[in-house]
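Biologist: Could you walk me through this chain? I'd like to start with the overall picture and then look at how the helices pack.

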Amino acid sequence: MSVTERTREIGIMKAVGAGNRDVLQLFLMQAVLLGVVGSIFGVALGAVGGYIATQYVGLPLVFAYEVVPLAIGVGILVGMVTGLYPAWNAARVDPIDALRYE
């Protein structure tokens, strides 16, 4: 979800007492979790796709398990980088304007 779709939720959080840091942490944590889930799903899909492709061609499957943590780390990094700007914008939202937003 984008920040503009959750403007009212951000306004309620800030009106109840959440600070800029709390909103920033919430959005960053969601972006990181999305990156982790996406990278795990991507590794699994890549392994299955590789297995199917090697069975079709008739070659043996060679899977380097040591790159799995690297792929998950890249997923976390991508989640953080792509979630940082929206999280920063969400943290700077004025609660009065956010509650007024429809």
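Modeller: What follows goes from the overall fold to one helix pair, and please keep in mind that this is a predicted model.

Biologist: OK, how many helices and strands are there in the chain?

Modeller: The chain has four helices and zero strands, so that, read from the N terminus, its elements run α-α-α-α.

Biologist: And what are the spans along the principal axes?

Modeller: The C-alpha trace covers about 65 × 25 × 20 Å along those axes, and the radius of gyration is 20 Å, whereas a compact globule of 102 residues would have one near 13 Å.

Biologist: What share of the residues is buried, then?

Modeller: Buried residues amount to 22% of the 102 in the chain. As for contacts with a separation of 6 or more, 76% of them involve residues 24 or more positions apart.

Biologist: Switching to packing, at what angle do α1 and α2 meet?

Modeller: Helix α1, residues 7–16, packs against helix α2, residues 20–57, at about 140°, and their axes lie 10 Å apart. Since angles over 145 degrees would count as roughly antiparallel, the two helices are therefore described as oblique to each other.

Biologist: Left-handed or right-handed crossing? And which residues make the contact?

Modeller: The crossing of α1 and α2 is right-handed. On the α1 side the contact is formed by Ile10, Met13 and Lys14, and on the α2 side by Asn20, Val23, Leu26 and Phe27.

Biologist: How do those residues divide into nonpolar, polar and charged?

Modeller: In the contact of α1 with α2, five are nonpolar, one is polar and one is charged.

How values were computed:
Residues are numbered from 1 along each chain as its sequence is written. This is a predicted model: local features need pLDDT of at least 70, side-chain atom pairs count only at pLDDT 80 or more; totals for chains, interfaces and linings use all residues. Side-chain values use heavy atoms; hydrogens and water are left out. Axes are lines fitted to C-alpha atoms, for helices over the stretch in contact, and angles run from 0 to 180 degrees between N-to-C directions. Angles under 35 degrees count as roughly parallel, over 145 as roughly antiparallel, 65 to 115 as roughly perpendicular and the rest as oblique. A crossing is left-handed if the near helix is turned anticlockwise from the far one by less than a right angle, and right-handed if clockwise. Contact means heavy atoms within 4.5 Å. Ala, Val, Leu, Ile, Met, Phe, Trp, Tyr, Cys and Pro count as nonpolar, Asp, Glu, Lys and Arg as charged, and the others, Gly among them, as polar. The radius of gyration is taken over C-alpha atoms; the globule rule is 2.2 Å times the number of residues to the power 0.38. Buried means under 20% relative accessible area, exposed over 50%, partly exposed in between (1.4 Å probe, protein chains only).
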